[in-house]
Amino acid sequence: MDRILSADGTPIAYRRQGEGPPLVLVGGALSTAATDAPLAALLAPRFTVVTYDRRDRGAGGEAGHGDAAADRVRREIEDLNAVVATAGPGACVFGMSSGGALALEAAAAGLPVDLLAVYEPPYTPGASGLLFKARCTARLHRLLADGDRAGAVELFLTATGVDAATVARMRRAPLWPGLEALAHTLAYDDALLGNGAVPAGRFASVTARTLVVCGGFSSARARASTRTLAEALPRARHRTLTGQMREVAPQVIAPVLADFFARDVYVRQAS
């Protein structure tokens, strides 16, 4: 992987593959550039796809563990700005889950991107959703402060709808140590979501044409949240993928992204 420096001098590892207009993939919680590799491979025939390791993940630079939540968000926005600049002029961005929240925050802060797609940024609007988020945040910070990395990963998984039996199987699987190694980064993703509400006022400044996507088999809360998000964005449209859940299949989302980005890139270049 190649490396670039973010605004604060932190090295950010990235990989570029494919041919065509530049497209940056932003991973969600507990993910690395390797997590995005299957989707990147499917998009590479039509785009120059850039994947990267967010801070403290994979080969990504180390974040300051004592940073305040606002500082963590600001640093991640600076990282994404650096990656988009490296990707090249006219880069499109796709953000998965909390990576979608990062992409939206960056766009609201002035990220120079005209085309943006997100899949189920995990906002939890509504009174019950905000209470749920507050309780999860408090428990997450307690677990991390106690050094209970396994507990933090389990909290994340159960909060996102993974049943207890599946979590138990995952804890016995070879992938579990890798998830534990990334447990502290859950605090960064949690900070990206604020109190769980869709920040409609801030997102009103997003000028990018945006596709907001959810899965037809995702929870009612997740589906409703994406509709609320789409309504808050000035130039957004919403799409539901039949049969998909929180972990969307790369072979399903890839053609949706390719059609959205390729069509709108053509329209933009022709105008």
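## Exercises on packing in a predicted model

Phe 47 is buried, with a relative accessible area of 1%. The model is predicted, and the exercises below work from its computed geometry.

**Exercise 1.** Classify the ring pair formed by Phe 47 and Phe 261, and place both residues in the chain.

Solution.
- Step 1. The ring centres of Phe 47 and Phe 261 are 6.4 Å apart and the planes stand at 80°.
- Step 2. Planes over 60 degrees apart count as edge-to-face, so the pair of Phe 47 and Phe 261 is edge-to-face.
- Step 3. Phe 47 sits in the loop between helix H1 (37-43) and E4, while Phe 261 belongs to helix H11 (residues 250-270). With these positions 214 residues apart, the pair links distant parts of the chain.
- Step 4. Phe 261 is buried too, with a relative accessible area of 0%.
- Step 5. Phe 260 joins Phe 47 and Phe 261 in one aromatic cluster.

**Exercise 2.** How many aromatic pairs are counted, and how is the pair of Tyr 123 and Phe 203 classified?

Solution.
- Step 1. The count comes to three aromatic pairs.
- Step 2. For Tyr 123 and Phe 203 the centres are 6.3 Å apart and the planes are at 75°, so this pair is edge-to-face.
- Step 3. Tyr 123 lies in the loop between E6 and helix H4 (127-145), and Phe 203 in helix H9 (residues 200-203). The two are 80 residues apart, and the pair links distant parts of the chain.
- Step 4. Tyr 123 and Phe 203 are both buried.

**Exercise 3.** Describe the largest nonpolar core and find which element gives the largest share of it.

Solution.
- Step 1. The core has 39 residues. Val 24, Tyr 52, Leu 80, Val 93 and Leu 229 are those with the most contacts inside it.
- Step 2. Elements that give two or more residues to this core include strands E2 (11-18), E3 (22-26), E4 (48-52) and E6 (115-119). Among the helices that do so are H2 (69-87), H3 (98-108), H8 (186-192) and H10 (220-232).
- Step 3. H2 gives the largest share of this core, seven residues.
- Step 4. Leu 229 can be taken as an example: leaving aside residues up to four places away in sequence, Leu 229 touches Leu 104, Val 118, Pro 121, Tyr 123, Val 198, Phe 203 and Val 212. Tyr 123 and Phe 203, the edge-to-face pair of Exercise 2, are thus among the contacts of Leu 229.
- Step 5. Another core, of 24 residues, lies apart from the largest one; Val 49, Cys 92, Val 256 and Leu 257 are among its members.

**Exercise 4.** Describe how helices H5 and H6 pack, and what surrounds H5.

Solution.
- Step 1. Two packed helices are described by the angle between their axes and the distance between the axes. For H5 (residues 149-159) and H6 (residues 164-171) the angle is about 145° and the axes are 10 Å apart.
- Step 2. The crossing of H5 past H6 is right-handed.
- Step 3. H5 makes the contact with Ala 150, Glu 154, Leu 157 and Thr 158, and H6 with Val 167, Met 170 and Arg 171.
- Step 4. Sorted by type, the residues of this contact are four nonpolar, one polar and two charged.
- Step 5. Buried residues of H5 are Ala 150, Gly 151, Ala 152, Val 153, Leu 155, Phe 156 and Leu 157. Their cover includes H4, H6, helix H7 (176-181) and H8.
- Step 6. Just after H5, Gly 161 takes a positive phi of about 100°.

**Exercise 5.** Is Pro 22 buried or exposed, and what does Pro 22 touch?

Solution.
- Step 1. Pro 22 is in strand E3.
- Step 2. The relative accessible area of Pro 22 is 11%. Buried means under 20%, so Pro 22 is buried.
- Step 3. Beyond residues up to four places away in sequence, Pro 22 touches Thr 48, Ala 87, Gly 88, Pro 89, Gly 90, Ala 91 and Cys 92.
- Step 4. The C-alpha atoms of Pro 22 and Phe 47 are separated by 5.8 Å, with the residues 25 apart along the chain.

**Exercise 6.** Where do Asp 56 and Ser 97 lie, and what is the phi of each?

Solution.
- Step 1. Asp 56 is in the loop between E4 and H2, and its phi is near 65°.
- Step 2. Ser 97 is in the loop between strand E5 (92-96) and H3, and its phi is near 55°.
- Step 3. Asp 56 is buried at 12% relative accessible area, and Ser 97 is buried at 16%.
- Step 4. In H3, ten of the eleven residues are buried. Just after H3, Gly 110 takes a positive phi of about 110°.

Technical notes:
Residues numbered from 1 in each chain as written. Predicted model: local features only at pLDDT ≥ 70, side-chain atom pairs only at ≥ 80, totals over all residues. Heavy atoms only, no water. Core = buried A, V, L, I, M, F, W, Y, C linked by side-chain atoms within 4.5 Å. Buried < 20%, exposed > 50% of the residue type's maximum accessible area, 1.4 Å probe, protein only. Helix = DSSP H or I, 4+ residues; strand = E, 2+ residues; numbered from the N terminus. Contact = heavy atoms within 4.5 Å. Axes fitted to C-alpha atoms, helices over the stretch in contact; angles between N-to-C directions. Left-handed = near helix turned anticlockwise from the far one by under 90°. Nonpolar A, V, L, I, M, F, W, Y, C, P; charged D, E, K, R; others polar. Phe/Tyr/Trp six-rings, centres within 6.5 Å; stacked < 30°, edge-to-face > 60°.
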